Amino acid sequence: MRLRPGEVEAAGWRVVTVLDAVRQLCDASPDVTGRPRVIAVDGRGGAGKTTLAERLREVAPNSAIVHTDDIAWNHAYFDWGAVLVENILRRLHRGEAVHFRPDAWITYDRPGSITILAGADFIWVEGTGIIREELAPWLDASVWMQGDLDEQQRLLVARDGDSPEQLKHVATWLLEELPFMLREQPWARATMIVAGPPQIDHDPDTELVVAPPTSP
């Protein structure tokens, strides 16, 4: 498996059902009451974070998904932690509903809002950079998606294209992502590592390939 410099390859991969993965994530925060569990889904571009978050939501009743791309939109690649805490995570920890229009949405007249009704049991927060030290007090569990870099890049090109503008965007992104990931080491902080995309035979509709977190 080809990984970015500094990332440690996971070992001890095994196949579990998606429901069992949710149960394992719940076990990481057994004392949560009066508010939803907040669980992060992190990984590099093309790892399948959004797809995984949707699969987790489908098997966990009364779930909602927050996409960090919505927080970061026209704001910053990674410098959005405080915005997420003050406008979403703090409210979720108080058991409150969320109705948030980021400043950039207002400035650029983007319609809609980030809305979460009160009373949810799970909030899946997905996006590159969500597993970080400053957000650790607000996360009850987390998933790092690890996969072969070549395959992830192939999927990213299939999704976003390889125009000169897109290649320039990716190069600019990596200038911030690489030092950020080396500093935060989310593969070591995560509750669980999920293969993305997996190389082990499994039922993609009902199962995941998982491993324990890796040490630096």
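**View 1. Helix H7 gives the most to the lining of the largest pocket, with eight residues.** This is a predicted model, so keep that in mind for every view here. The pocket itself has a volume of about 1100 Å³. Of the 47 residues lining this pocket, Gly45, Gly46, Lys49, Leu156 and Arg159 sit closest to its centre. Besides H7 (164-184), the elements giving two or more residues to the lining are H2, H3 (68-72), H6 (149-160) and the strands S8 and S9 (207-211). If you're sorting the wall by chemistry, the lining splits into 23 nonpolar, 14 polar and 10 charged residues.

**View 2. Helix H2 (residues 49-59) has buried residues at Lys49, Leu52, Ala53, Arg55 and Leu56.** Look down the axis of H2 and these buried residues fall within an arc of 160°, so they line one face of the helix. Turned away from that buried side is the face with Thr51 and Glu58, both exposed. Lys49 turns up in the pocket view as well, as one of the residues closest to the centre of the largest pocket.

**View 3. Strand S7 (residues 141-146) is mostly covered, with six of its six residues buried.** Which residues point which way from S7? Ala141, Val143 and Met145 go one way, while Ser142, Trp144 and Gln146 go the other. Neither side escapes burial: all of these residues are buried. For background, side chains in a regular strand alternate between the two faces of the sheet.

**View 4. S7 pairs with strand S2 (residues 37-43) and with strand S8 (residues 192-195).** The pairing of S2 with S7 is parallel and runs over five bridges. To get your bearings there, find Ala40, which stands opposite Ser142 in S7. S7 and S8 are also paired in the parallel sense, over four bridges. A handy landmark for that pair is Val143, which stands opposite Met192 in S8. S8 also belongs to the pocket story, since this strand is among the elements that give two or more residues to the lining of the largest pocket.

**View 5. Thr68, a residue of helix H3, up close.** Is Thr68 buried or exposed? Its relative accessible area is 2%, and because the cut-off for buried is under 20%, Thr68 counts as buried. Leaving out residues up to four places away in sequence, Thr68 touches Trp80, Val125, Glu126, Gly127, Thr128 and Ile130. The helix that holds Thr68, H3, is another of the elements giving two or more residues to the lining of the largest pocket.

Key: Residues are numbered from 1 along each chain as its sequence is written. This is a predicted model: local features need pLDDT of at least 70, side-chain atom pairs count only at pLDDT 80 or more; totals for chains, interfaces and linings use all residues. Side-chain values use heavy atoms; hydrogens and water are left out. Buried means under 20% relative accessible area, exposed over 50%, partly exposed in between (1.4 Å probe, protein chains only). Two strands pair if DSSP finds at least two bridges between them. The arc is that of the directions from the helix axis to the C-beta atoms. On a 1 Å grid over the protein atoms alone, a cavity is a set of points where a 1.4 Å probe fits but cannot get out, and a pocket is an open set with protein on both sides within 12 Å along at least five of seven lines; lining residues have an atom within 4 Å of a point. Grid points are joined across faces, edges and corners, and a volume is the space filled by probe spheres set on the points. Ala, Val, Leu, Ile, Met, Phe, Trp, Tyr, Cys and Pro count as nonpolar, Asp, Glu, Lys and Arg as charged, and the others, Gly among them, as polar. Contact means heavy atoms within 4.5 Å.
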